[in-house]
Amino acid sequence: MAHAKNHDYHVLPPSIWPFVASVSAFVMLFGAVLWMHDSGPWLFLMGLAGVLYVMFEWWKDVIVESHSGDHTPVVVIGLRYGFILFIMSEVMFFAAWFWSFFKHAMYPMYTYVGTEYVQPAIYAVNAFELPIINTLVLLLSGCAVTWAHHEMVHNGSRKNVEYGLLIGVLLGIAFTFLQGYEYVYLITERGYSFAGDVFYANFFMATGFHGVHVIIGTIFLAVCYFRVRAGHFTAERHVGFEAAAWYWHFVDVVWLFLFFAVYIWGM
């Protein structure tokens, strides 16, 4: 039950989650370094489990705060601005990989002054085979999420919102499996590797990190799907669903840039 508030702000109670998140992130990072030095992945996995647990519990608390009336209009504006800033930081993250790809493709840097320009190796992937299918799958998922949001805001049909989110989640899963299949094909049949070449490094870092974002976005949409089924959202109050939709459209746009830059321009 929502409690009455005499101000527009949310004064947070003491929480253990920031401390636990910091410790878990440190353990995960330290474990990743040890893993890279052949010490096994176990410390990294322990830290990752801690991070995932904190995410679940902390966001569960945020949902409880929303239902208890702590998310006033002023707080909701802050949540929206915060998520927009998060997406802007993600834009800059991917901008680094695009910068690296174009820089090494058009003007590779050499140690010695006066070195003759050598055209860098670009191992083209046919953009109009599996990549174009993946593009259509991701764009269709974005259409499904947009339809779900439209139904939420304008028609109030909870069933249609559920259908739209479910379609978006299934298409997100399909994209992940198709990209995994593409990786296996490129590594086993085309000789791609995760190291040893600038193009390979840029290709797998850019598309791989995008794939991670697709997995995160799919989980985000799945959580919204179950929250819709539980009746958590209304046409006036659905900031969590808005954040998921914004994130998914960001994932779509990044893939379009990747498709035209890495696949089509690289052909």
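Helices (H or I, at least four residues) and strands (E, at least two) are DSSP runs, numbered from the N terminus. The model is predicted, so local features need pLDDT of at least 70 and side-chain atom pairs count only at pLDDT 80 or more, whereas totals for chains, interfaces and linings use all residues. Residues are numbered from 1 along each chain as its sequence is written, and side-chain values use heavy atoms, with hydrogens and water left out.

**View 1. The whole chain contains 7 helices and 0 strands.** Along the sequence, the elements follow the pattern α-α-α-α-α-α-α. The C-alpha trace spans about 70 × 40 × 35 Å along its principal axes.

**View 2. Two annotated spans are examined for helix content.** An unreviewed UniProt entry places the feature "transmembrane region" at residues 16–36, 42–59, 79–102, 122–148, 160–178, 198–226 and 246–266. Such positions are given in the numbering used here, feature names are shortened, and annotations may be inferred rather than shown by experiment. Residues 16–36 are 95% helix and 0% strand, with end C-alpha atoms 31 Å apart. Residues 42–59 are 100% helix and 0% strand, and their end C-alpha atoms lie 26 Å apart.

**View 3. The protein is divided into domain 1 (14–70) and domain 2 (72–110 + 124–264).** These bounds come from an automatic or database domain assignment. The centres of the two domains, taken over C-alpha atoms, are separated by 23 Å. Domain 1 contributes 5 residues to the contact and domain 2 contributes 5 residues, where contact means heavy atoms within 4.5 Å.

**View 4. Domain 1 and domain 2 bury about 400 Å² between them.** Buried area is the accessible area (1.4 Å probe) that two parts lose on being put together, summed over both. Of this area, 52% is on carbon and sulfur atoms. In domain 1, the residues that lose the most area to domain 2 are I63, H67 and D70, together 74% of what that side buries.

**View 5. A salt bridge joins E242 and R80.** A salt bridge is a side-chain nitrogen of Lys or Arg within 4 Å of a carboxyl oxygen of Asp or Glu. The closest N and O atoms of E242 and R80 are 2.7 Å apart. This pair links distant parts of the chain, 162 residues apart: E242 lies in helix α7 (residues 239–264) and R80 in helix α3 (residues 73–106). The count by this rule comes to 5 salt bridges, with 0 found across the interface of domain 1 and domain 2.
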